Every structure is written in C-alpha cells, then in structure tokens.
Amino acid sequence: MSLKSSGVRQLGFIMLATALFMYLLLYAPTPYVMYEPGLAAPTKPMVRLVEERDSDAAVKPSSSPSPNSTPEEGAFLMTAVRLSDANWWETLSSAWDKDIATYSRSSILRGYTEQEYAERMTVVMQGSQNQAIEAAYRFAHLSYQSVVDSIAVSDVLQGSDGSGWKPGDILISLKGGKPFADAKQIVTELGAYKSGDEVVFTVKRGGAEQDVAMRLGAYEAPLTLDKLPGALGGIQLAELRSLQPDDSRFKLQINAGAIGGPSAGLMFALQSLDLLLGKQDLTGGAIIAGTGTIAADGTVGEIGGIAFKVIAASREGAELFLAPSENYKEAADKAKDIKASMKVVSVNSLSEAKQVIEQYVSEK
C-alpha cells in the first residue's frame, strides 16, 4: 500500500514539475521581444483622393488591414514586420528558426513604455505618409501648399534631460500664449528667455491638455531651429503637415490604421502617384511589393527587418519586390534562401522605382 502511495506521489510531483516547466517555457514573461514576418497588404484601400464634397465620416481612419487580405489582380503591397512579446520557447527556438529573431525589450523600446513607443511610431508614420504624398505631388508636377497642423515630440533622446516630455506630445503654446503656428514660432518666443530659465509649455497628451515645465538647456545664443532640440532638453520635434494641392481634385489622404513607422513610404508614394495619374495603372496587372522610407524629393532610404518583409511578400504572391539599395543584398539573399519566385530589385528613388516597374511590366 505504501509503495502505491509513493508511486502516486511521485507521479503527482512529475506532473506538477512538468506543468511548471511548460508554464515557464510558454507563458512566463521574458525580457525579450520577437520579430517575425508581418503582413503584406494592398495599399489601395489606404490611399484615396479626397474631394471637397466628401463628408467627415468618409475620411475617418480605416481599421488596420488584415494580413489575410487578398490583393486585386494588380496591386501595390506594403510590407511590415510583426513585433510581439517572446516566450522562452520562442527565444530559444530563434537560434535555429531563420524566420524569427529575438531582441531584448530594452534595446527596442529604449526606455519607453510600450504606449510611448507606439505613440512615437504613430508620429513617425504620420510624417512618412506626408512625405509620400509630397513626393508624388512633386513627381506629377502638381503645385501645392504645405500647412503645419501641429508640432509633435517624435523622440526623447537617450541620456537627455527631456524627462518631462513624452513621445506624441503635441506642443500647443507657451502657457497663456498664442498657439504655435510652426517650429519657427517656438524659436521666436523662446528668444525672450535664456539658457537655464524655466518655461512652461501647454501640450496635448493623451487627448487632454496639461502643462510641462522645464529649464532651457545650454545653447549658444541666438537660438535657432538647429539648436531647438537641445534647448528643449534633448527631444526631436516633427511638424505634422497637411498638403493642400492648388487643384482640390488631387487632394490625397492616407489612412494606415494602427500600422506605425516610416518603412511603407515608398509604397504609399507609388499608390499616390497611381491615383494622380488617373486611368494609368502603374502596376500593369502585377502584384508589386516593397519597402523603404521616402523623402519629399523622392529619395528612398534604408529600413530594418527586410528579410521578414521579403517572406511576407512572397507568401502573398508578390511578383516583384522593390528594396532600398542599402538593403538589396539582404533582401535578394533571403528571396533566394526561401526559393521565392518573385524578382527583387534595388531602387534609390521614386522615379527609379517607376522605371523598374515599367520595365518589369513590359517584359512580362
């Protein structure tokens, strides 16, 4: 009888130890986050021409695109990396799984909370969308006006004294002063102060107004736009703008939902250009994916995580993948590694991307 009881106790101990081990392996929090292939989604539902007769309801941001959305016969696909919490099993398996990469949470969030990091990515994305539209306007030779809608904190630099600021803060005015029209006005109004003086800003944070008090950092007078980040304690500011074309028929709007970051700039610019050119279909019926930042002059810049984006694009049936020149080798190597049938091409500008697409379509 005692032997039987001992066996039961031993079995119970083994089951408990196994359950604890599985919990630690699969559910226990870790200090790591995981990168893996994200979505490759059509940009057409995200970019639209906004006519004056459109109602306010018609221009509300759309929900995030589904990673399982099926592109039309011809489509531009933006690609993204999926970032999520990693359990211990995923952290260990990343050593042999080439489609997963884990990094310390601190190296990615850089001291921000997840909410602050998301706010920062939202600000960066808004700026990127604006540059995509501006690049398309310039390429199409359409005249437009750039209007500052707000001034936001896009980053609080590590090691800075900007502890009072949060990414996503919208600078409204100096307390009791006139609303800021642009960053130049901030410089002008701070001209009445000197290094070390305390100033109080009124900002919008989380939808509510509040005051941020700070002492101006050290800078050599006179204060200029270049010196402003240091004077404000080591933050980066972004002027969030709207572009108003002289011909209102060509007013563009991009709504990417919860997608953050600047890497969809190139694909948004191509989709914008497709709309501006009217009946001309730039895709030529092909499924074209890609990634890259975009500057207002059309320059395409490097991004991170391109190997994961190549995988995502291949899974969605992309035929052509546009990669920034700095990322081309990694993208091409990954496409070869996964035996993708799509063609990977290096591009440096919006103009070059359009030429590459036209050549690809003509050779199909």
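**Start at Arg-138**

Select Arg-138: this residue is partly exposed, with a relative accessible area of 42%. Here buried means under 20% relative accessible area, exposed means over 50%, and partly exposed lies in between (1.4 Å probe, protein chains only). You are looking at a predicted model: local features need pLDDT of at least 70, side-chain atom pairs count only at pLDDT 80 or more, and totals for chains, interfaces and linings use all residues. Residues are numbered from 1 along each chain as its sequence is written, and side-chain values use heavy atoms, leaving out hydrogens and water.

Now add Glu-134. Its side chain meets that of Arg-138 in a salt bridge (3.5 Å, N to O). A salt bridge puts a side-chain nitrogen of Lys or Arg within 4 Å of a carboxyl oxygen of Asp or Glu. The two residues are 4 apart in helix α4, so about one helical turn separates them. Glu-134 counts as buried, at 14% relative accessibility.

**Along α4**

Select the whole of α4 (114-139). Helices (H or I, at least four residues) and strands (E, at least two) are DSSP runs, numbered from the N terminus. α4 has 26 residues and reaches 37 Å from its first C-alpha to its last, close to the 38 Å expected at 1.5 Å a residue. That expected span is 1.5 Å times one less than the number of residues.

Step just past the helix to His-141. This residue follows α4 and has a positive phi, near 55 degrees. Most residues other than glycine have a negative phi, and most peptide bonds are trans. His-141 sits in the loop between α4 and β5 (144-156). Buried or exposed? His-141 is exposed, with a relative accessible area of 73%.

**Two more backbone stops**

Go to Lys-339, another residue that is not a glycine yet has a positive phi, about 60 degrees. Look for Lys-339 in the loop between α9 (328-337) and β15 (343-347). Lys-339 counts as exposed, at 74% relative accessibility.

Next, pick Ala-221 and Pro-222. The peptide bond from Ala-221 to Pro-222 is cis, with omega near 5 degrees. Pro-222 lies in the loop between β8 (208-215) and α6 (228-231).

**Into the core**

Which residues have the most contacts inside the largest nonpolar core? They are Leu-266, Phe-268, Leu-270 and Leu-322, in a core of 42 residues. Such a core is a set of buried Ala, Val, Leu, Ile, Met, Phe, Trp, Tyr and Cys residues joined through side-chain atoms within 4.5 Å. Several elements each supply at least two residues of this core, including β1 (32-42), β3 (75-85), β14 (320-324) and α10 (350-363). α7 gives the most, with 7 residues.

Show the neighbours of Leu-270. Not counting residues up to four places away in sequence, Leu-270 touches Phe-76, Leu-282, Leu-322, Leu-350, Ala-353 and Ile-357. Contact means heavy atoms within 4.5 Å. A second, separate core has 32 residues, among them Tyr-117, Ile-186, Leu-216 and Leu-223.

Return to α7 (265-276). How many of its 12 residues are buried? The count is 11, and α7 is mostly covered. Gln-271, Ser-272 and Asp-274 are among the buried residues. Just after α7 comes Gly-278, whose phi is positive, near 70 degrees.

**A patch on the surface**

Select Met-22, Leu-26, Tyr-27, Trp-89, Leu-92 and Trp-96. They form a nonpolar surface patch with about 680 Å² of accessible area together. Patches are made of residues with over 30% relative accessible area and no salt bridge: like charges are joined within 9 Å, nonpolar side chains (Val, Leu, Ile, Met, Phe, Trp, Tyr) within 5 Å. Accessible areas come from the Shrake-Rupley method with a 1.4 Å probe; for residues, only the protein chains shown count as cover. α1 (2-26) and α2 (88-93) each supply at least two patch residues. Met-22, in helix α1, is partly exposed at 36% relative accessibility.

**Links across the chain**

Pick Arg-82 and Glu-36. Their side chains meet in a salt bridge (2.4 Å, N to O). This pair links distant parts of the chain: Arg-82 is in strand β3 and Glu-36 in strand β1, 46 residues apart. Glu-36 is buried at 17%, whereas Arg-82 is partly exposed at 44%.

Then pick Lys-334 and Asp-99, whose side chains also form a salt bridge (3.6 Å, N to O). Lys-334 in helix α9 and Asp-99 in the loop between α2 and β4 (101-104) are 235 residues apart. Add Lys-98 and Asp-337 to see these four linked in a network of salt bridges.

**Zoom out**

Show the full chain. Its secondary structure comes to 10 helices and 15 strands. Buried residues make up 43% of its 364 residues. The structure holds 13 salt bridges.
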